[in-house]
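Let's walk through this structure together, one piece at a time. Keep the 3D view open as you read.

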Amino acid sequence: MNVLQGIAAALTPLGLLWTVLLIGVATFLHELAHYALARRQGVAVHSFSVGMGPVLFRRQWRGTEWRLSLLPIGGYVEIDGMAPEEDGQGGYRQPTRGFAALPAWGRVAILLAGPLTNLLLAIALMTVTFTAQGVPAPDRARIEEVVAGSTAQTLGLRAGDVITAIDGQDIPDTTRVGGREVAGWEGVRDVLTRAGPHTFTVVSGGQTRDVRFDWTPTVNGERQLLGIRYGPDVQATSAPAAFVRAWQVTGEAVPQVLRSFGELFARFLTLNLSRDENVSGPIGTAEIVSRAATVSPWALVQVAILLNLSLAFFNLLPIPGLDGGRILLVLVGSLRGRPLTFSQEQAINLAGFAFVMMLMLFVVVRDVSRFF
């Protein structure tokens, strides 16, 4: 199988369609928030594009040229006074009108609107999911399926059983598996890597029982399987409680997301192309969406939540060229009592843009390299 065949096998037409739709909606709402906050403060927006590259369709409406572009990835808005303007002598100068003429808080509001919209969309989708499907309990593992003829079936484990303790210890909210901090219920996988006697404390139909077994992880070099498929136990909840829990989950995700970005930057600086389960490029993302599309609509909602959280957090990083980097420059200028000079700001933004482009190229190369 060559590289192209490997990529084609990992993706599906339906998955690619959903990938374009999910990323397109997230990006459209992100840019729409920038647009709305700019217009709210009386700043003109010259153009609003859905997609990138050559323009396929354009229409003038309310002082803005609305565009549909060829490449269904991302989008952009051209806000008056944000980009350098021609000085009439073949060069460029710092703009003095529109966005540039706003007070610091007004510029920050426009820049913050995009990431904040993605964050609020993720929280809204989580609230709907938790209300409809319940809130996952990190300290309880529910057995969803028992393989016929497996060791688990011999032990009397059944679908619907909930594991609340392992080897006499209650399952914690979080645990470390493979060097990563994960929800406590994922510790079931970890215990099955250790030989010896083990005990699962199981709740079923309101009754609690202990399931004891001797375990050998490998036999003649072959990994042994207990024969269960499991996930977090889910508890019904109200919409207000689901909303509160969505905010809690978002807060808990911040350290993990920042750690993932830190690991990505470290891999980029060392040109480490090994696969990272925490960060996916465009091909990896499309592959995840392709799998989710075959599972259920709720699986696609979960992917949409992750995409919006990733877009929000990534854009808030203080890297020039991103919203967070632009916010940082506004704040630095405010603290100095005067904005950075045109040449200073251009040099910083150019360096940031080059870094982001190289980082994106690295992620794509890493995505493709696993098919060699």
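What follows goes from a long-range look at one helix to a helix pair and then a loop residue.

This is a predicted model, where local features need pLDDT of at least 70, side-chain atom pairs count only at pLDDT 80 or more, and totals for chains, interfaces and linings use all residues. Residues are numbered from 1 along each chain as its sequence is written, and side-chain values use heavy atoms, leaving out hydrogens and water.

Start with helix α6, residues 239-269; helices here are DSSP runs of H or I, at least four residues, and strands are runs of E, at least two, numbered from the N terminus. α6 bends by about 30° at V254, with a proline, P255, following within four residues; the bend is the angle between axes fitted to the seven residues ending there and the seven starting there. Buried residues of α6 (under 20% relative accessible area, 1.4 Å probe, protein chains only) include A253, V257, F261 and L264. Their cover includes α3, β5, α8 and α10, going by contact, meaning heavy atoms within 4.5 Å. Just after α6, L271 takes a positive phi of about 55°.

Now look at α8 again, this time with α7. T285, I288 and V289 are among the α7 residues that meet α8, where the partners include A299 and L300.

Finally, find D161 in the loop between α4 and β6. Is D161 buried or exposed? D161 is buried, with a relative accessible area of 0%. Among the residues that D161 touches are R142, V203 and R209.

Key:
The expected span of a helix is 1.5 Å times one less than its number of residues. Buried means under 20% relative accessible area, exposed over 50%, partly exposed in between (1.4 Å probe, protein chains only). Lists of a residue's contacts leave out its neighbours within four places in sequence.
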